[in-house]
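Here's a quick briefing to read with the model open beside you. It starts at one end of the chain, then takes in the overall build, the aromatic contacts and a handful of single residues.

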Amino acid sequence: MVEAWMLADPEALQKVLETRVNFNFLKARHVGSYSNPKDVIDQLIRASYPSYPKLWARIRGELYAKLASVIKLECLQQVPAYNKFESELSRTLKSLNLIQ
């Protein structure tokens with residue numbers, strides 16, 4: 001689930017991966033349709049750094065934290081699964097009287 005959400009903001013991916021490779025084919029509302037988003041992330045990393053296979057695992061490991069600080073909520077809100085998560089979280093927090 002989280003890996004699919006990571007694909008929702010192609011500009012953030014380009015920034016974090018420090019690449020000029022165009023990821024605009026990724027559409028936020030369709031990222032949930034990828035059967036294995038981890039593979040898509042790996043493909044993007046390989047396309048960004050084709051000559052540096054020894055770096056791929058390190059880049060993948062750092063991607064989550066780096067992307068979390070730059071991904072746009074507007075992009076995430078286009079992902080149906082994210083909206084469902086957000087709604088369920090809000091309902092749960094309200095039922096526990098943690099938010100109004």
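Let's begin with N97, which sits in the segment after α6. Keep in mind that this is a predicted model. N97 has a positive phi of about 55°, even though it isn't a glycine. Most non-glycine residues have a negative phi. As for cover, N97 counts as exposed, at 68% relative accessibility.

**Another positive phi**

- E18 also isn't a glycine, yet its phi is positive, at about 50°.
- You'll find E18 in the loop between α2 and α3.
- Is E18 buried or exposed? With a relative accessibility of 65%, E18 is exposed, because the cut-off for that label is over 50%.

**Overall build**

- The protein has 6 helices and 0 strands, so reading along the sequence just gives you α-α-α-α-α-α.
- Along its principal axes, the C-alpha trace spans about 50 × 25 × 20 Å.
- Of the 100 residues in the protein, 34% are buried.
- How much of the contact network links residues 24 or more positions apart? Counting contacts with a separation of 6 or more, such pairs account for 61%.
- The accessible surface comes to about 6,700 Å², and carbon and sulfur atoms own 54% of that.
- On the charge side, there are 14 positive and 10 negative side chains. The centres of those two sets lie 2 Å apart.

**Aromatic contacts**

- How many aromatic pairs turn up in a search of the whole structure? The search finds 3.
- One of them joins W5 and F85, with ring centres 5.3 Å apart and 55° between the planes, which makes it a tilted pair.
- W5 belongs to helix α1 (residues 2-6) and F85 to helix α6 (residues 80-95), so this pair ties together parts that are 80 residues apart in sequence.
- The rings of Y82 and F85 also make a tilted pair, because their planes meet at 45° and their centres are 6.4 Å apart.
- That 6.4 Å still qualifies as a pair because the limit is 6.5 Å between centres.
- Y82 and F85 are 3 residues apart in helix α6, so about one helical turn separates them.
- Put together, W5, Y82 and F85 form one aromatic cluster.
- How covered are the members of this cluster? W5 is buried, at 11% relative accessibility, and Y82 is buried too, at 11%.
- F85 comes out as partly exposed, with a relative accessibility of 36%.

**A charge over a ring**

- R46 lies over the face of W56. The distance to the ring centre is 5.9 Å, which squeaks in because the limit for this kind of contact is 6 Å.

**S48, in helix α3**

- S48 has its place in helix α3, which covers residues 37-48.
- Its relative accessible area is 13%, so S48 counts as buried.
- What does S48 touch, once neighbours within four places in sequence are set aside? Its contacts are L17, T19, V21 and F23.

**S90, in helix α6**

- S90 lies in helix α6, the helix that also holds Y82 and F85.
- With a relative accessible area of 23%, S90 is partly exposed; the label fits because buried would need a value under 20%.
- How far is S90 from D9? They are 81 residues apart in sequence, and their C-alpha atoms are 23 Å apart in space.

**N24, between α2 and α3**

- N24 lies in the loop between α2 (10-17) and α3, and that loop is where E18 is found as well.
- The relative accessible area of N24 is 39%, which makes it partly exposed.
- From N24 to K84 you go 60 residues in sequence and, C-alpha to C-alpha, 24 Å in space.

Conventions: Residues are numbered from 1 along each chain as its sequence is written. This is a predicted model: local features need pLDDT of at least 70, side-chain atom pairs count only at pLDDT 80 or more; totals for chains, interfaces and linings use all residues. Side-chain values use heavy atoms; hydrogens and water are left out. Rings of Phe, Tyr and Trp (its six-membered ring) pair if their centres lie within 6.5 Å; planes under 30 degrees apart count as stacked, over 60 as edge-to-face and the rest as tilted. Helices (H or I, at least four residues) and strands (E, at least two) are DSSP runs, numbered from the N terminus. Buried means under 20% relative accessible area, exposed over 50%, partly exposed in between (1.4 Å probe, protein chains only). A charge sits over a ring if NZ of Lys or CZ of Arg is within 6 Å of the ring centre and within 35 degrees of the ring normal. Contact means heavy atoms within 4.5 Å. Accessible areas come from the Shrake-Rupley method with a 1.4 Å probe; for residues, only the protein chains shown count as cover. Lys and Arg count as positive and Asp and Glu as negative; His and the chain ends are not counted. The place of a charge is taken as NZ of Lys, CZ of Arg, CG of Asp or CD of Glu.
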